[in-house]
Amino acid sequence: MSGFFADGRWVDVTAEDQARIAAAVDQLAAAGCEAPLKEAQALFATTSDGFEGLVAQRRARVPLSHLVGHRDFYKHRFFVTADVLDPRPETETLVEVALGTPFQTVLDLGVGSGCILLSLLAERPTATGVGGDLSRGALAVAERNAKAIGVADRTALTTSDWYSDVTGMYDLIVSNPPYIAMNEMAALQPEVRNHEPRLALTDEGDGLSCYRAIIAGAPKHLSRGGRLAVEIGPTQAKAVAEMMARHGFAQITVVPDLDGRDRVVSARIATD
């Protein structure tokens, strides 16, 4: 009997299983999946009995994370569903930027799965955080992840339209808002366009309206010298930085992701 490593463990397979996996690899490759062998093995490791059914869903470009039920991000494994954006490696840039200076209180606007907020709290054991989201389904996912990671006692989650249900002052505000313009939606991969929550992807406009709301409201909720850090689309750095400058932010910095694309704009509220 042979096998393979998947999801951090060894999976034994019979000769019959190998043939099933090989057939799945061909099907996934034909469907345009980028890593058909890795994905076929991940699906088989999830369930042998229901393997072909999962392959059929993946062929229809249902995200792999929805089928296996999780996605690894930063240092933790996050439960995901169709109610939240799939945590992406480029968003880890926002986590790294946020961890660059000390904070005790953090607000995450549009918390989704909780991957940003909960990663930050896990790295700062004395910090507390609030995550707001319009989607109750997303908040349920974030709550489950907070418990799994062990930071639920330092996490408050609220149904909020940006700042509508937010009180108090924070050392740090972070957000990965919907920044895809409406006219860009058709070009997205089918996994994203057809299976991730549209509310978390696009503002149904120019892709900048959420930044306008977040940046305009931030000064009222930032402690003296507090910071704002947002993820952006690769072409939005100039526009977002100019918004921050108009609203009194200083030390405005644009940080690229590992692929060299502009990914995060960070600034500190002026103390003068």
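Colleague: Which residue follows α1, and what is the sign of its phi?
Modeller: Happy to start there, with the reminder that this is a predicted model. α1 covers residues 15-30. The residue that comes after α1 has a phi near 95°, so to the sign and name you asked for: positive, in Gly 32.

Colleague: Thanks! How far does α1 reach from its first C-alpha to its last?
Modeller: Helix α1 has 16 residues, and at 1.5 Å a residue a span of 22 Å is expected. The model comes close to that expected value, with a reach of 23 Å.

Colleague: Where do the buried residues of α1 lie around the axis, on the same side or spread out?
Modeller: The buried residues of α1 are Asp 17, Ile 21, Ala 24, Val 25 and Leu 28. Because they cover an arc of only 110° around the axis, they are placed on the same side of α1. In general, an α-helix has 3.6 residues a turn, so residues three or four places apart point the same way. For the buried residues of α1, then, the answer is an arc of only 110°, on the same side.

Colleague: And which residues are exposed on the other side of α1, and what covers the buried ones?
Modeller: The exposed residues on the other side are Ala 15, Glu 16, Asp 26 and Ala 30. As for the cover over the buried residues of α1, it includes β1 (2-6), β2 (9-13), α2 (36-46) and α3 (51-59).

Colleague: What arc do the buried residues of α3 cover?
Modeller: In α3 the buried residues are Phe 51, Leu 54, Val 55 and Arg 58. They are on the same side of α3, because the arc they cover around the axis is only 100°.

Colleague: Which elements do those buried residues of α3 pack against?
Modeller: The buried set is Phe 51, Leu 54, Val 55 and Arg 58. Their packing partners are α1, α2, α4 (64-68) and α8 (190-195).

Colleague: Let's turn to the cysteines. How many disulfides does the structure hold, and why is Cys 115 in no bond with Cys 210?
Modeller: A disulfide needs two cysteine sulfur atoms within 2.5 Å. The closest cysteine sulfur to that of Cys 115 is in Cys 210, and at 17 Å it is too far for a bond. Both cysteines are buried, Cys 115 at 9% relative accessibility and Cys 210 at 8%. The number of disulfides is zero.

Colleague: Which residue of the hairpin of β3 and β4 takes a positive phi?
Modeller: Strands β3 (residues 70-73) and β4 (residues 76-79) run antiparallel and are joined by four bridges. Phe 73 stands opposite His 76. Two residues lie between the strands, and the one with a positive phi, near 55°, is Tyr 74.

Colleague: Is Glu 196 buried or exposed?
Modeller: Glu 196 sits in the loop between α8 and α9 (198-201). Leaving aside neighbours within four places in sequence, its contacts are Val 84, Leu 85, Asp 86, Arg 88, Glu 191 and Leu 201. With a relative accessible area of 7%, against a limit of 20%, Glu 196 is buried.

Colleague: What separates the C-alpha atoms of Arg 154 and Ala 122?
Modeller: Arg 154 is in the loop between α7 (136-149) and β7 (155-159), and at 16% relative accessibility it counts as buried. Residues that Arg 154 touches include Leu 121, Ala 122 and Arg 124. Arg 154 and Ala 122 are 32 residues apart along the chain, and their C-alpha atoms are separated by 9.7 Å.

Colleague: What is phi of Asp 7, and where is that residue?
Modeller: Asp 7 is in the loop between β1 and β2. At 42% relative accessibility, Asp 7 counts as partly exposed. Its phi is positive, in a residue other than glycine, and near 55°.

Colleague: Last one: what is the radius of gyration of the protein chain?
Modeller: The protein chain has 11 helices and 11 strands. For 272 residues the globule rule gives 19 Å, and the chain comes close to that, so it is as compact as a globular protein of that length. The radius of gyration is 20 Å.

Definitions and conventions:
Residues numbered from 1 in each chain as written. Predicted model: local features only at pLDDT ≥ 70, side-chain atom pairs only at ≥ 80, totals over all residues. Heavy atoms only, no water. Expected span 1.5 Å × (residues − 1). Buried < 20%, exposed > 50% of the residue type's maximum accessible area, 1.4 Å probe, protein only. Arc of directions from axis to C-beta. Contact = heavy atoms within 4.5 Å. Pairing = 2+ DSSP bridges. Rg over C-alpha atoms; globule rule 2.2 N^0.38 Å.
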